[in-house]
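Please consider the sequence and the model shown below. The paragraphs that follow lead through selected features of the structure.

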Amino acid sequence: MSNAIAAVDVIRAKRDGRPLSDAQIRWMVDGYTAGAVAEEQMSALLMAIYLNGMTSEETSTWTAAMIDSGIRLNLAGIGRPVVDKHSTGGVGDKVSLILAPLVAACGAAVPQLSGRGLGHTGGTLDKLESIPGWSAVLPADRMVGQLRDVGAVICAASADLAPADRKLYALRDVTATVESIPMISASIMSKKIAEGTPSLVLDVKVGAGAFMPDQERATALARSMMDIGAAHDVTTTVVLSAMSTPLGRAAGNAVEVAEAVEVLAGGGPADVVELTLTLAREMLALAGLDTDPAVALAGGAAMDTWRAMIAGQGGDPDAELPTPLIRHVVRATTEGTVSALDAMGVGVAAWRLGAGRARKEDLVQAAAGVVCLAKPGEPVRVGQPVFELCTDDEDRLPEAVALVEAALTVAAPGTSVTATPLILDVLR
């Protein structure tokens, strides 16, 4: 490492609102990854970035430094156009489970490197691990082989893919700097660019159950990631979707897998189908494929690909999903029309029931979750079941019951409830 750069000078520059040079950024990221920059120094820099932001050029260089901290996958020669998708996380968001096999069934290759849940947002890998035998860990050669043969893979990123991001995220998590738009952008895009995808569709969630509660900040995040994509030759489209109400009816692990399979079988909640098809059409457009994903979904091709994808990673697509030891029904106490269902309340309830984790090392319950039996616009009567809570630990019920009861708002009978648009904007 060069003696011309000192960590304290980099921290001071960003503290005072000055842009960092490419050399300063790479020096700090490389040094921190190697252990030469102290935790407290990187913590101070992260807070300065959180408070003062970064230019698009700084963010792109920071992203490049994180990519260069590890390997890059080579997906050339798969024989299919490659396109990927990422969601910023929400409640009940099982779309990736449906979307990857659906887009693959239409002729593309989808290398979905996914993560685990933390807090109120569910993790794709946690959901899929509720399928008996399924493994999130695939060597690079098996991943490439499955992309060639099946067209879709959902797995964990290897430890040598953008390792700087893994170390930096852990530090952001304990220094209250997670919400920094430049750092969110760099974290997401570094892994996607390192995986080798030439095109990407991002689902940026907006609302009470998302990390971006308002559309202005969500759009700023979207533009930041699109700028990084452009700087690294990754064509990027962003769909802004609403996350004030849980997506679908299930929030948890096995309960979400069951709902995803229901959609693959031609049924399922209308909002899950709408978002899945919207994202699929954007992905196929980027891949240059003129195919209607609704046909692949209705005709069973997506289900066939799902089964092959699960089997390819050791899972049994015909196995029964885990069932909870306890199912607790919460009933309506008033009559009327559901006017609101707070996504954050439902997400936290699923987390408290055992579906999520407070720390990355925590274990999750495969069968834990919440099933929403009444959603906005639907009538309810006194005594009608409005939630089913699933858990293996009865002691978790009281807090979860209180959370879902507070999440549900029932208006007077006959009240007209205006439907909130699911798709808020598409940025290309």
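**Salt bridges, helices and cysteines**

Arginine 327 and glutamate 388 are joined through their side chains in a salt bridge, at 3.4 Å from N to O; the term denotes a side-chain nitrogen of Lys or Arg within 4 Å of a carboxyl oxygen of Asp or Glu. The pair links distant parts of the chain, with arginine 327 in strand 7 (residues 326-331) and glutamate 388 in strand 11 (residues 385-391), 61 residues apart. Helices (H or I, at least four residues) and strands (E, at least two) are DSSP runs, numbered from the N terminus. Arginine 327 counts as partly exposed, at 47% relative accessibility; buried means under 20% relative accessible area, exposed over 50%, and partly exposed in between, with a 1.4 Å probe and protein chains only.

The model is predicted: local features need pLDDT of at least 70 and side-chain atom pairs count only at pLDDT 80 or more, whereas totals for chains, interfaces and linings use all residues. Residues are numbered from 1 along each chain as its sequence is written, and side-chain values use heavy atoms, with hydrogens and water left out.

A search of the whole structure finds 23 salt bridges. Another of these pairs is formed by the side chains of aspartate 271 and lysine 375, at 3.1 Å from N to O. Aspartate 271 lies in helix 12 (residues 270-287) and lysine 375 in the loop between strand 9 (369-372) and strand 10 (379-380), so this salt bridge ties together parts that are 104 residues apart in sequence. Lysine 375 is buried, with a relative accessible area of 10%.

The salt bridge between aspartate 9 and arginine 12, whose closest N and O atoms are 3.0 Å apart, lies within one element. Both residues belong to helix 1 and are 3 residues apart, about one turn of the helix. Aspartate 9 is partly exposed, with a relative accessible area of 36%, and arginine 12 is likewise partly exposed at 36% relative accessibility.

Helix 4 (residues 56-67) has 12 residues and reaches 16 Å from its first C-alpha to its last, close to the 16 Å expected at 1.5 Å a residue; the expected span is 1.5 Å times one less than the number of residues. Of the 12 residues in helix 4, 10 are buried, including Trp62, Met66 and Ile67. The buried residues pack against helix 1 (7-15), helix 2 (22-34), helix 3 (39-52), helix 8 (163-173), helix 9 (181-194) and helix 10 (215-231), where contact means heavy atoms within 4.5 Å.

In helix 7 (residues 140-149), the buried residues are Met143, Val144, Gly145, Gln146 and Leu147. They pack against strand 2 (110-114), strand 3 (152-156) and helix 14 (301-312). Just after helix 7, glycine 151 takes a positive phi of about 100°.

How many disulfides does the model contain? The count comes to 0 disulfides, a disulfide being a pair of cysteine sulfur atoms within 2.5 Å. Cysteine 390 is in no disulfide, and the nearest cysteine sulfur, that of cysteine 372, is 11 Å away. Cysteine 390 is buried, with a relative accessible area of 0%; cysteine 155 is also buried, with a relative accessible area of 0%.
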